[in-house]
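Visitor: I am new to this model and would like a close look at one part of it. Please start from a single residue and then place that residue in its surroundings.

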Amino acid sequence: MSAILGIDLGTTHSLVGVVDSGFPILLADAEGSRLTPSVAHYAKEGAVTVGARALRQRALDPERTVSSVKRLIGRRQGEGDWKPSYDLTGIGKTPVDVSADILRHLKNIAERALEMEVSRAVITVPAYFNDAQRQATKRAGELAGLTVERILSEPTAAALAYGLDKLEERKKIAVYDLGGGTFDISILEMRDGVFQVLATAGDTQLGGDDIDRAFADWIRSQGILPSLEIIKGKMPWLRDAAETAKKKLSSHDEVTIEIPFLDSQKHLSVRTTRTDLEKIALPLIERTRRHCLRALTDANLKPDQLDEVILVGGSTRMPLVRRIVADIFGKEPNISQNPDEAVAMGAVIQAGILSGSLRNVVLLDVTPLSLGIETFGGLMNVIIPRNTTLPCKAGEMFTNAVTNQSEMLIRVLQGERELAKDNWELGRIAVLFPSGPKGSARVGVQFSLDANGILQVLTRNTATKADTVLEIQSSAVNVDDAQVEQMIAESVDHAFEDMNERIWTESRLKGEELLVAVAEALAQCGTLLIEDELHKIKSCAAQVRDSINHEPHDVKKLKAANQSLDDATQSLAVLLVERAMEAALERKLG
Ligand code: AMP
């Protein structure tokens, strides 16, 4: 199977990744950056540049530098029109063309990093994108030379990255996504193993950039700077410094902002604290609250009906955002993943599932091969079948097959073959019990496999209540793919002879059991039978013995011999029962 790329085609920046050796990874460009600005520059003479280089053109050639084109592909209903600073028709491009150029650039980054051609991709879009907007994104992918295997909704991708695809049916989650320029809230529900979007809401004009603007303005007012007029041209510097300080304040309590030569005389130095930033950011972040509540109402849910709240977007790294989210939903958000890479990671995971390259990882969630124990006669008795989802538990009761047996050896086996000897042994336990007649011992064997793939084999002698536990670390699930394939292929190749061997063994055991029982019965009441009957039984028994010892094995002949012996001993069985009843009556009377 060829590789499939996972692509987060974002408003301000994009990411691309792939599953490599079973692990989802994001790929870096030649400069080592994994974030590609979603910006394209179209020079008058026709040259196209994309990414960081295009971003650098923005100050020099703003009319021909296209950014945030995603806003032109899909607008949220009811939002005011967003006006770009460039004129796409003047440049002679459509939003789909620009998206295609960005996607082509991402494809090149991936091909350079992987040193091979890649032509398939999964691309994410916002949950609120309608069908036409999804089709437009797909068309952009195709123009870039990519077969778009799936258009994946961003919150669903994020949920995949957070590992929530393993949630139980009907579980509900909220995906709170606050990026640089947009805010999205989505409520999802797990149905039939896939996420359904119950509701979405948001604001396309709210994000980290607004916080930067407000913070920059506050810094200017603190820095006793010359009037706005004078530093107007320097505002982008101040914004960059504000953003850097804002990010630092997510993990530090205070930061000093220094901008030497802000103008010819002035050196700016302002001490800021997280509390200052939070005062400024609070009203902006609070604006997300009503959208969250609306989405909940639309989904017909109360906050306490949500099972998880996950965070997406760089701005959710702010401690204030996390506190407000916890307050809105009445539960601490899950912060286990990198919020600005979660969507891309989810796209990569989905791509890996589609291409089959994530099988190694997925296999960990099910038993790759059947688990069982050896039973009498060397047969495999499956306790947990192959492909059972973890965690799981199953057990059976076993008994002694031979009289006076005082030990049972439990061999824990893995594999698909009918005969124990062809499967792999993972461990063994010896269970001791007082010797007694055949069938008198009762030994329960229970297999439990936890979510981490640790197999615990518990044996319990019901008479003595003695337990023995054997723990097998990971070999129950950690099996090399090639070995699994070989085992399955062999079980298919040998299915016919294996099955014949099993039927033969079962018939042989039955025959041997019959011979012992008949010998015992004849010893007890053989003298009561008429000559003909005794002769018939003896010749049927001889036939069973002959069939058992006959080479090559003839299972049909043995089965027929078993049946004849069974039929021939009907009156012997009646005699035995009568004998037993008489003995019981005598005991009662006597
Ligand atoms: P995204 O579009 O999801 O990458 O989000 C980008 C936004 O996240 C920008 O506004 C960044 O300033 C903001 N951001 C990134 N890292 C942090 C951080 N550590 N603390 C606060 N905001 C951050």
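Visitor: Is S68 buried or exposed?

Guide: This is a predicted model, in which local features need pLDDT of at least 70 and side-chain atom pairs count only at pLDDT 80 or more, while totals for chains, interfaces and linings use all residues. Residues are numbered from 1 along each chain as its sequence is written, and side-chain values use heavy atoms, with hydrogens and water left out.

S68 is buried, with a relative accessible area of 12%. Buried means under 20% relative accessible area, exposed over 50%, and partly exposed in between, using a 1.4 Å probe and protein chains only. S68 sits in the loop between β7 (65–67) and α2 (70–73). Helices (H or I, at least four residues) and strands (E, at least two) are DSSP runs, numbered from the N terminus. The phi of S68 is near 50 degrees, which is a positive value in a residue other than glycine.

Positive phi values also turn up elsewhere. R170 is not a glycine, yet its phi is positive at about 70 degrees; R170 lies in the loop between α6 (154–161) and β10 (172–178). S21 has a positive phi of about 50 degrees and is in the turn of a hairpin formed by β2 and β3, with two residues between the strands. Strand β2 (residues 13–20) and strand β3 (residues 23–26) run antiparallel and are joined by four bridges; two strands pair if DSSP finds at least two bridges between them. In this hairpin, V19 stands opposite P24 in β3.

The next step out is the domain. The assignment lists domain 1 (5–162 + 342–352), domain 2 (166–336), domain 3 (371–493) and domain 4 (496–589), with bounds that come from an automatic or database domain assignment. The centres of domain 1 and domain 2, taken over C-alpha atoms, are 23 Å apart. Their contact takes 14 residues from domain 1 and 22 residues from domain 2, where contact means heavy atoms within 4.5 Å.

Now the interior. A nonpolar core is a set of buried Ala, Val, Leu, Ile, Met, Phe, Trp, Tyr and Cys residues joined through side-chain atoms within 4.5 Å. The largest nonpolar core has 72 residues, and Y176, I185, I187 and F329 have the most contacts inside it. Helix α10 (residues 274–298) gives the most to this core, with eight residues. Domain 1 and domain 2 both give residues to the core, so it lies between them. Apart from neighbours within four places in sequence, I185 is in contact with residues including Y176, A199, H291 and F329. There is also a second, separate core of 34 residues, which includes V98, I109, Y128 and L146. In soluble globular proteins, nonpolar side chains tend to be buried together.

Further along the chain, four strands form an open sheet in the order β18-β21-β22-β23, with antiparallel pairing. Its edge strands, β18 (392–398) and β23 (466–472), each pair on one side only. Strand β21 (residues 443–449) is joined to strand β22 (residues 455–461) by seven bridges, and Q446 stands opposite L458 in β22.

Another buried serine is S491, with a relative accessible area of 15%. S491 belongs to helix α14 (residues 481–493). With its neighbours within four places in sequence left aside, S491 is in contact with E416 and R417.

One peptide bond deserves a mention: the bond from E551 to P552 is cis, with omega near -10 degrees. P552 is in the loop between α16 (531–549) and α17 (555–568).

Last comes confidence. pLDDT is the predictor's confidence in each residue, from 0 to 100. The chain has a mean pLDDT of 88, and 94% of its residues reach 70 or more. Among its elements, strand β1 (residues 5–8) has the highest mean pLDDT (98) and helix α13 (residues 359–363) the lowest (42). Over residues 360–364 pLDDT stays under 50, and the model has seven contacts beyond four places in sequence for them. Where pLDDT is low, the predicted coordinates should not be read in detail.
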